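The following exercises ask you to read a protein structure step by step. Attempt each task before turning to its solution.

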Amino acid sequence: MHFNDFPPLLVLAILLWSGLGVIGWLNLLSKNSHKPARAIGMGCFSIPHAIIFGPFFLFISLAAESMQICPFCQSEIPAAATVCGKCTRDLPPKKHEL
């Protein structure tokens, strides 16, 4: 069986399905950029899973919360936090990047 034997709509659907999964994986990668090793492997959320589960993976990534590291106690906290939930210290204001 050759690639040309597949119906064009089936090929398009497979590419769209896996493409949405990879977009979701990249979204999770950007949300966990403070931990590159964790972001690349992401435990059970890896590239093969992203390709298999496609759009479901994109929805998971959109629902995931962006995280940051507390500069005082090094615990992981939501990116929108102004006070650390663990050490209860006020976080310094964020520097806006251009």
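A residue is called buried under 20% relative accessible area, exposed over 50%, and partly exposed in between (1.4 Å probe, protein chains only). The model is predicted, so local features need pLDDT of at least 70 and side-chain atom pairs count only at pLDDT 80 or more, while totals for chains, interfaces and linings use all residues. Residues are numbered from 1 along each chain as its sequence is written, and side-chain values use heavy atoms, with hydrogens and water left out.

**Exercise 1. State which elements the protein chain contains and in which order they run.**

Solution. Step one: helices (H or I, at least four residues) and strands (E, at least two) are DSSP runs, numbered from the N terminus. Step two: the protein chain has four helices and two strands. Step three: read from the N terminus, their order is α-α-α-α-β-β. Step four: the chain has 98 residues, of which 26% count as buried.

**Exercise 2. Classify Leu62 as buried or exposed, and identify the nonpolar surface patch to which Leu62 belongs.**

Solution. Step one: Leu62 is located in helix H4. Step two: Leu62 counts as exposed because its relative accessibility is 55%. Step three: patches consist of residues with over 30% relative accessible area and no salt bridge, where like charges are joined within 9 Å and nonpolar side chains (Val, Leu, Ile, Met, Phe, Trp, Tyr) within 5 Å. A salt bridge is a side-chain nitrogen of Lys or Arg within 4 Å of a carboxyl oxygen of Asp or Glu. Accessible areas come from the Shrake-Rupley method with a 1.4 Å probe, and for residues only the protein chains shown count as cover. Step four: together with Trp17, Ile52, Phe53, Phe56 and Phe59, Leu62 makes a nonpolar patch of about 670 Å². Step five: helix H3 (47–53) and helix H4 (55–63) each provide at least two residues of this patch, and H4 gives the most, with three.

**Exercise 3. Determine whether Leu28, Ile47 and Cys84 are buried or partly exposed, and give a C-alpha separation for each.**

Solution. Step one: Leu28 belongs to helix H1 (residues 8–31). Leu28 is buried because its relative accessibility is 6%. The C-alpha atoms of Leu28 and Leu58 are 8.9 Å apart, with their positions 30 residues apart along the chain. Step two: Ile47 belongs to helix H3. Ile47 is partly exposed because its relative accessibility is 32%. From Ile47 to Val22, 25 residues apart along the chain, the C-alpha separation is 6.7 Å. Step three: Cys84 is in the segment after E2. Cys84 is buried because its relative accessible area is 1%. Between Cys84 and Ile69, 15 residues apart along the chain, the C-alpha separation is 9.3 Å.

**Exercise 4. Explain what is notable about phi in Gln74 and Thr88.**

Solution. Step one: most residues other than glycine have a negative phi. Step two: in Gln74, phi is positive, near 65°. Gln74 sits in the loop between strand E1 (67–69) and strand E2 (76–78), and it is exposed because its relative accessible area is 53%. Step three: in Thr88, phi is also positive, near 55°. Thr88 lies in the segment after E2 and is exposed because its relative accessible area is 59%.
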